[in-house]
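This report describes selected structural features of one protein chain. Please keep the sequence and the model in view while reading.

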Amino acid sequence: VDKLGNTEDPYHRQHIMVDNLPPNSTKEVGDPHCEIAPDEYCVTTSTNITISASDDAGLRNVSYRIWYNGTWTSWFNITASLPYTFTFAEECVHYLEVYVEDNLGNSYTDNETFYVDDTTPEIIKTVGSPNVEVVAGEYYVTTSTPITIDAYDNGCCDNLTVEYRIWYNGLWSDWTEVTVPYDLYFTEECTHYLEIKAYDCLGNTVTDNETFHVDDTVPVINKTVGDPNVAGTGTPHYWVTTYTPITINASDTGCCDSLFVEISTDGANWTMITVPYIFHFTEECYHNLYIRAYDCLGHIVYDNETFYVDDTPPQVDKTIVGGGYSDGSNYYLPQSAVVYLNVTDLPDCAVGGWTLHYRIWWNGSYIVWDNVTTNVNFSFTEDCIHYLEYYVNDSLGNRYPLSGWHNETFFVDSIAPTSTLIIGDPKYPHNQGATHITTDTWLVMYGCLLYTSPSPRDLSTSR
């Protein structure tokens, strides 16, 4: 309308929108990802980053750039490509800066940090002592063997979780999260599987599964002392002979499938044997037999015993007191003579416990064996031929003689000899019982011994 009142016709209307706000921009972080702090993410090189923007006044410029390893890239204008998706090409720290501007010049800059991590964590498992590695990934251990679980992640995402579980007796335990390093001990014997997994929030995961045979069982020695033997009460534990078999055996019921058995005699070097093993002593007298059995984990058991080895039979000493004589083959005795049978058992390590067996033959029959454990003496009470038979043995069966028995012949005689004198001619009887002869008169004298000898002895003399 001017001053004269002239009015424009028709009326004009203009719609004005006042916009002082920057464009609306969004950034979507795909999977895998984890937000570890405001505007800080862990992602992988396969995680999609999608940039979108909108504004009622229209978009003049949407651009982004990336900082990596100390350097910014140039700006990439993606205004015509919205929504725009990209991935990071390298691991480790990146800064993503996005610039948006509308047609009115309103603008906004967004800057966020991304830790790009494609690296799988690494598990370090250390098997302490005692242990034996059977093959790679399989061990013999005890319940006192520490299994140290450790892990680390070389990737840029500072987020690591470590868990383990155990298989035993057909069942898996639940997963247990631990703070590493962590010392694990098995609480039961026999086979266990230990599975460990380490992972970050992006799902980069590594697992470790190994087999453990847990063994706390000590081997058992079984020693059998064969015959002949006599048990002692400590020193020695046994009397034996060099023919006595000593069977050495051992067993191990633990899960460690390894058993070693060694022996030593009298302090000599240890000798490895394969059980069952039959051992014999080779010399008489005092010996110590040492046995040890152990497995690969050092579980060890000893068996130490003392043996007296005796191969020597007792001896019989026969002594005759009170007259008589021997011609080297037979004995000639009066009834008054006493026969002593005395037994000695040598050497010092002899088992003792001897028994003397003897019997006497007379007049066509034997008396029964007399078995005695003390020295004996006797006299023959009848005249004529007697046979004496005897043998002796100790508690181990050592026998003298080795077989059969001693047999000796005795001629017993209690009758005095008789003599006869024949006087030839010339002779003349004297009135007082004497006989007168000359130097030419023959004298014949002979005697007779009864029972003393199997063949009469000619005792005649002549003059």
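A residue is called buried under 20% relative accessible area, exposed over 50%, and partly exposed in between. The model discussed here is predicted. With a relative accessible area of 27%, Trp 369 is therefore partly exposed.

**Aromatic pairs**

The model holds 28 aromatic pairs. In one of them, Tyr 332 and Phe 411 are stacked, with 5.3 Å from centre to centre and 15° between the planes. Tyr 332 belongs to strand β32 (residues 331–333) and Phe 411 to strand β40 (residues 406–412), so this pair ties together parts that are 79 residues apart in sequence. Tyr 332 is buried, at 7% relative accessible area, and Phe 411 is likewise buried, at 5%.

The rings of Trp 369 and Trp 405 also pair, with centres 5.3 Å apart; because their planes stand at 65°, the arrangement is edge-to-face. Trp 369 lies in the loop between β35 (365–366) and β36 (370–372), while Trp 405 lies in the loop between β39 (399–400) and β40. The two are 36 residues apart, and their pair links distant parts of the chain. Trp 405 is partly exposed, with 38% relative accessibility.

Elsewhere, ring pairs join Tyr 41, Tyr 64, Phe 76, Tyr 84, Phe 86, Phe 88 and Phe 114 into a cluster. Arginine side chains also meet aromatic faces: Arg 65 lies over the face of Trp 72, at 4.2 Å from the ring centre, and Arg 359 lies over the face of Tyr 366, at 4.0 Å from the ring centre.

**Nonpolar cores**

In soluble globular proteins, nonpolar side chains tend to be buried together. Here, the largest nonpolar core has 20 residues. Leu 341, Leu 356, Tyr 358, Phe 378 and Phe 380 have the most contacts inside this core. At least two of its residues come from each of β32, β33 (338–344), β34 (355–362), β37 (376–378), β38 and β40.

Which residues does Leu 341 contact, leaving aside its neighbours within four places in sequence? Leu 341 is in contact with Val 316, Asp 317, Lys 318, Leu 356, Tyr 358, Asn 375, Val 376, Phe 378 and Tyr 390. Apart from the largest core lies another core, of 18 residues, including Ala 151, Val 162, Phe 186 and Leu 194.

**Two open sheets**

One open sheet has three strands in the order β11-β14-β18, with antiparallel pairing. Its edge strands, β11 (122–127) and β18 (182–184), each pair on one side only. From one strand to the next, the twist averages 25°. Six bridges join β11 to strand β14 (residues 147–152) in the antiparallel sense, and Val 127 has Ile 147 in β14 as its bridge partner.

A further open sheet of three strands follows the order β21-β24-β27, again with antiparallel pairing. β21 and β27 (277–279) stand at the edges, each with a single partner strand, so one side of each has no neighbour in the sheet. Neighbouring strands of this sheet are turned by 25° against each other on average, direction ignored. Strand β24 (residues 246–251) pairs with β27 in the antiparallel sense over three bridges; Ile 248 stands opposite Tyr 277 in β27.

**Backbone details**

Most residues other than glycine have a negative phi, and most peptide bonds are trans. The table lists departures from both patterns.

| Site | Backbone feature | Location |
|---|---|---|
| Asp 227 to Pro 228 | cis, omega near 0° | Pro 228: loop between β21 (220–225) and β22 (229–231) |
| Thr 235 to Pro 236 | cis, omega near 5° | Pro 236: loop between β22 and β23 (238–240) |
| Asp 266 | positive phi, near 55° | Asp 266: loop between β25 (260–265) and β26 (271–273) |
| Cys 384 | positive phi, near 90° | Cys 384: strand β38 (residues 384–393) |

Are the two residues with positive phi in the table buried or exposed? Asp 266 is partly exposed, at 41% relative accessible area, and Cys 384 also counts as partly exposed, at 30% relative accessibility.

How values were computed:
Residues numbered from 1 in each chain as written. Predicted model: local features only at pLDDT ≥ 70, side-chain atom pairs only at ≥ 80, totals over all residues. Heavy atoms only, no water. Pairing = 2+ DSSP bridges. Helix = DSSP H or I, 4+ residues; strand = E, 2+ residues; numbered from the N terminus. Axes fitted to C-alpha atoms, helices over the stretch in contact; angles between N-to-C directions. Phe/Tyr/Trp six-rings, centres within 6.5 Å; stacked < 30°, edge-to-face > 60°. Buried < 20%, exposed > 50% of the residue type's maximum accessible area, 1.4 Å probe, protein only. Lys NZ or Arg CZ within 6 Å of the ring centre and 35° of its normal. Core = buried A, V, L, I, M, F, W, Y, C linked by side-chain atoms within 4.5 Å. Contact = heavy atoms within 4.5 Å.
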